[in-house]
Amino acid sequence: MQEIKFIKAQTLKEKPDESTLGFGKYFTDYMFTMDYTEGEGWHSPTICPYGAVAYEPSLMVYHYGQTIFEGLKAYKNTQGKPVMFRPMENLMRLNRSAERVCIPQIDVDFVLYALKKLVALEKDWIPTSDGTSLYIRPFIMATDAALGVHPSHTYRLYIILSPVGRYYKEGLKPVKIYVSDKYVRAFEGGLGAAKTAANYAASLYGAEEAQKKGYTQVLWLDGKHHKYVEEVGTMNIMFKIGDTVVTPALDRGSILPGITRKSAIQVIRDMGYKVEEREITIDEVYEAFDKGLLTDVFGTGTAAVISPVGILTWGDRTIDICNGEITPFTKELYDRITNIQLGIDEDKFSWIEPVEE
Ligand SMILES: *Cc1c(COP(=O)(O)O)cnc(C)c1O
């Protein structure tokens with residue numbers, strides 16, 4: 001293992017009140033950085049104080065968006081020990097995103113080692129009240145100070161940490177979702193399966209328009225036919241129709257392969273229900289509702305874990321799925337996943353990674 005250089009902070013920050021955390025507003029005392037130089041590979045791993053960084057305005061990432069990110073969480077389990085949820089899955093996905101936007105691969109074992117060191121150092125920042133956690137944001141960006149569209153020759157990887165509360169102000173109350181048949185987030189052959197900045201830039205305008213109409217998020221449809229359900233801006237989507245949970249398949253390459261999605265599929269099967277990963281049209285969703293078969297709609301993602309959807313609006317049709325209250329199935333799924341994360345239930349799928357030996 002490469003040695004990680006440590007630069008000590010002069011002063012440590014005061015920790016925020018856990019009841020006012022919100023999402024992504026506060027950052028811990030330290031971050032991890034590592035640099036890549038062509039010919040030399042990744043080098044100079046460092047844990048240093050979190051803070052502003054000066055770059056030249058010509059920095060490549062500012063202009064051409066060659067950057068990728070991840071999002072995962074650390075918790076304090078019921079024994080007070082810091083743990084992470086499936087971190088290797090995130091690092092492997094970071095490498096898949098890297099490949100798609102011509103960023104060099106990282107050594108996932110080394111970065112996991114560094115991540116554990118960082119979280120162990122910052123473990124006092126892990127909040128413990130209901131619905132809180134330490135959100136971990138690894139990202140890599142192009143750092144050549146030069147114009148011209150081509151892959152950068154230098155990169156920097158950062159890992160920053162943010163103590164967070166619930167992602168949606170609604171908490172576990174169902175959110176209102178607007179089905180966009182006008183704007184497109186990602187296209188077959190595009191970047192949808194990579195966690196890269198461009199996808200989020202593409203989603204802002206439509207999401208803002210939906211928010212002005214009183215919706216929390218947008219449900220994106222496929223770019224070609226505007227009929228196949230894809231995902232929400234930061235979550236994958238699932239529909240429980242009778243005893244079967246249906247979620248869009250990933251093979252089109254325009255959907256982000258969520259780790260919560262993958263975990264939820266395993267838990268739902270374990271609960272004794274069928275899961276189908278396949279194409280599902282928005283018409284099928286509305287037909288299932290009309291037949292009284294659509295019992296649950298929910299999003300899956302690290303930030304909110306499981307987020308119930310209450311209202312769906314598509315064109316001029318609004319449907320109310322659960323009368324404003326989380327349904328028993330969705331609640332049980334949320335509880336089962338979070339109970340594993342918090343160490344309340346047995347880690348029967350081996351998803352929990354201790355931060356300290
Ligand atoms: C991160 C993300 C998800 C959820 O992925 P998880 O691994 O479950 O956090 C879903 N959709 C998009 C667009 C995302 O960026």
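**Strand β16 and helix α7**

Let's start with one pair: Tyr-178 has Thr-313, in β16, as its bridge partner. Keep in mind that this is a predicted model.

Now, the two strands behind that pair. Strand β9 covers residues 175–180, and it pairs with β16 in the parallel sense. There are 5 bridges between β9 and β16.

What about the other neighbours of β16? Take strand β15, residues 294–301. It runs antiparallel to β16, joined by 4 bridges. Phe-298 has Pro-308, in β16, as its bridge partner. The link between β15 and β16 is a hairpin, through 3 residues.

Next comes strand β17, residues 317–320. Again the sense is antiparallel, with 4 bridges to β16. Thr-313 appears here too: it stands opposite Thr-318 in β17. The hairpin of β16 and β17 has 2 residues between the strands. Gly-315, in that hairpin, takes a positive phi near 60 degrees.

So how many of the 10 residues of β16 are buried? The count is 9, so strand β16, residues 305–314, is largely enclosed by the rest of the structure.

On to helix α7, residues 328–341. Does the length add up? With 14 residues at 1.5 Å a residue, α7 should span 20 Å. Its end C-alpha atoms are 20 Å apart, which agrees.

Which residues of α7 are buried? Among them are Phe-329, Thr-330, Leu-333, Tyr-334 and Ile-337. An α-helix has 3.6 residues a turn, so residues three or four places apart point the same way. The buried set also includes Thr-338, Asn-339, Ile-340 and Gln-341.

Last stop: just after α7, Gly-343 takes a positive phi of about 75 degrees.

Note on methods. Residues numbered from 1 in each chain as written. Predicted model: local features only at pLDDT ≥ 70, side-chain atom pairs only at ≥ 80, totals over all residues. Heavy atoms only, no water. Expected span 1.5 Å × (residues − 1). Buried < 20%, exposed > 50% of the residue type's maximum accessible area, 1.4 Å probe, protein only. Pairing = 2+ DSSP bridges.
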